[in-house]
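The following exchange is intended for a reader who is new to this structure. It proceeds by asking on what grounds each description rests.

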Amino acid sequence: MKILITGANGQLATSLIAHLAPLGSVVALTRQDFDLCHWEECFATLNKLQPDLIVNAAAYTAVDRAENERDLAFQINAIAPTRLAQYCHNNHCALIHYSTDYVFNGQKNTPYLEQDPTEPINIYGQSKRQGEIGILESNCAALIFRTSWVYSLVGHNFLKTMLKLGMERDELRIIDDQRGSPTSTESIARATALILSKKPTHLPIVDYLAQYRGIYHMTNQSDTTWYGFAQAIFALRPARAQLTAISTEQYPTPAKRPAMSCLDNSKLKQTFDITLPHWHDALIACLTQSS
Ligand SMILES: NC(=O)c1ccc[n+]([C@@H]2O[C@H](COP(=O)([O-])OP(=O)(O)OC[C@H]3O[C@@H](n4cnc5c(N)ncnc54)[C@H](OP(=O)(O)O)[C@@H]3O)[C@@H](O)[C@H]2O)c1
């Protein structure tokens with residue numbers, strides 16, 4: 001099985017490359033070699049490589065900047081994934097794509113189900129939702145995994161920001177009224193590999209994934225606030241900074257964030273018998289791995 005991973009320098013792609021390698025021949029391409037803004041070149045690369053599975057880990061992820069770069073966000077998060085899906089549909093290729101909790105408005109009191117109505121409240125969320133729609137409408141053999149609050153020790157994320165600022169500052173004011181599930185790239189990549197490894201040997205990957213096409217919620221279990229996440233980080237890696245809990249109102253950002261974006265993972269459990277670890281265990285695993 002030839003697997004193409006896009007966005008190879010990203011935090012999730014880095015974990016995917018490690019976890020998918022045992023499952024086939026992995027070709028991991030960075031933006032430099034596979035730029036989703038240059039579709040003609042991507043199309044030529046796809047025709048040359050002829051992958052059996054595309055794992056699209058490339059994305060425009062700058063949530064605040066997206067408010068001023070709508071076209072670019074839509075180009076990378078909506079138009080390009082739709083084209084990848086159309087390519088897959090026409091070329092007997094399967095697709096795995098990642099989406100976000102930010103497709104929801106955050107007004108629900110219980111974890112969101114896959115079929116709950118979407119209503120993104122920022123441009124990034126809108127662009128990711130449009131990508132989901134384009135993929136679903138292509139009818140290709142695609143699994144879309146919605147995840148949230150993604151971190152690892154690679155790239156840019158909340159964990160790395162806390163580890164850095166925790167050593168530099170005396171005080172950190174962290175939002176305590178947005179709830180979600182911190183999710184490690186390690187957990188997502190492991191679950192993705194496990195799903196692929198359940199393919200019966202006689203079935204081509206495209207036929208295997210076609211049976212399960214659709215959206216799945218994939219996050220570490222349970223939830224917290226950004227403040228709770230920061231507290232957990234500093235309990236494991238003591239820092240100089242004192243933490244102060246603040247409200248969203250006290251920390252205005254260009255993009256609005258949902259107040260509650262926990263995702264119900266039952267469909268993932270029922271379909272593939274997979275449950276990701278509790279978010280706190282995943283955090284311990286991430287920080288232990290680095291020490
Ligand atoms: N980060 C989160 O908290 C979060 C939450 C929910 C869902 N997700 C989703 O999870 C997936 C993985 O995100 P991540 O956290 O791993 O993001 P990331 O670390 O920002 O990685 C994204 C990668 O995409 C690449 N990229 C950007 N524009 C591109 C283009 N035009 N062509 C090709 N590649 C391009 C980037 O390249 P450069 O390295 O060159 O910039 C980067 O390596 C995404 O679908 C994201 O929407 C993330």
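Q: Which residues lie nearest the centre of the second largest pocket?
A: In this predicted model, Ser184, Glu186, Ser187, Arg190 and Pro277 lie nearest the centre of that pocket, whose lining numbers 15 residues. Helix H6 (185-197) and helix H10 (279-290) are the elements that each give two or more residues to the lining. The space in the pocket amounts to about 190 Å³.

Q: How do the residues of the lining of the second largest pocket divide into nonpolar, polar and charged?
A: Eight are nonpolar, four are polar and three are charged. Among the residues nearest the centre, Pro277 counts as nonpolar, Glu186 and Arg190 as charged, and Ser184 and Ser187 as polar.

Q: Why is Asn122 called buried?
A: The relative accessible area of Asn122 is 1%, and buried means under 20%, so the term applies. Asn122 lies in the loop between E4 and helix H4 (123-138).

Q: What makes the approach of the side chain of Asn122 to the backbone nitrogen of Gly125 a polar contact?
A: The distance is 2.7 Å, and the limit for a pair of N or O atoms is 3.5 Å, so the pair falls within it. A polar atom of the Asn122 side chain also lies 2.7 Å from the backbone oxygen of Lys256. Neighbours within four places in sequence aside, Asn122 is in contact with Val63, Glu67, Tyr102, Ala255 and Lys256.

Q: Why is Ser127 called buried?
A: With a relative accessible area of 0%, Ser127 is under the 20% cut-off and therefore counts as buried. Ser127 is found in helix H4. Apart from its neighbours within four places in sequence, Ser127 is in contact with Ala73, Phe74, Asn77 and Ala78.

Q: Why is His92 called exposed?
A: The relative accessible area of His92 is 53%, and exposed means over 50%, so His92 meets the condition. His92 is placed in the loop between helix H3 (70-90) and strand E4 (94-100).

Q: What makes the phi of His92 worth remark?
A: Most residues other than glycine have a negative phi. His92 is a residue other than glycine, yet its phi is positive, near 55°. Ser222, also not a glycine, has a positive phi of about 65°.

Q: Why is Ser222 called partly exposed?
A: Its relative accessibility is 38%, which lies between the 20% and 50% limits, so Ser222 counts as partly exposed. The place of Ser222 is in the loop between strand E10 (214-217) and strand E11 (224-225).

Q: Why does Ala210 count as partly exposed?
A: Ala210 has 27% relative accessibility, a value between 20% and 50%, and therefore counts as partly exposed. Ala210 lies in helix H7, residues 205-210. From C-alpha to C-alpha, Ala210 and Asn139 are 9.0 Å apart in space, although 71 residues separate them in sequence.

Q: Which residues touch the most other members of the largest nonpolar core?
A: Ile54 and Leu283 do so, in a core of 56 residues. H3 gives the most to this core, with nine residues. Leaving aside neighbours within four places in sequence, Leu283 is in contact with Tyr151, Leu159, Phe229, Ala232, Ile233 and Leu236. A second, separate core has 32 residues, including Ala141, Ala189, Leu203 and Val206.

Terms used:
Residues numbered from 1 in each chain as written. Predicted model: local features only at pLDDT ≥ 70, side-chain atom pairs only at ≥ 80, totals over all residues. Heavy atoms only, no water. Helix = DSSP H or I, 4+ residues; strand = E, 2+ residues; numbered from the N terminus. Buried < 20%, exposed > 50% of the residue type's maximum accessible area, 1.4 Å probe, protein only. Polar contact = N/O pair within 3.5 Å; in protein donor to acceptor, adjacent residues only side chain to side chain. Contact = heavy atoms within 4.5 Å. 1 Å grid on protein atoms, 1.4 Å probe; cavity = no way out; pocket = protein on both sides within 12 Å on 5 of 7 lines; lining within 4 Å. Points joined across faces, edges and corners; volume = space filled by probe spheres on them. Core = buried A, V, L, I, M, F, W, Y, C linked by side-chain atoms within 4.5 Å.
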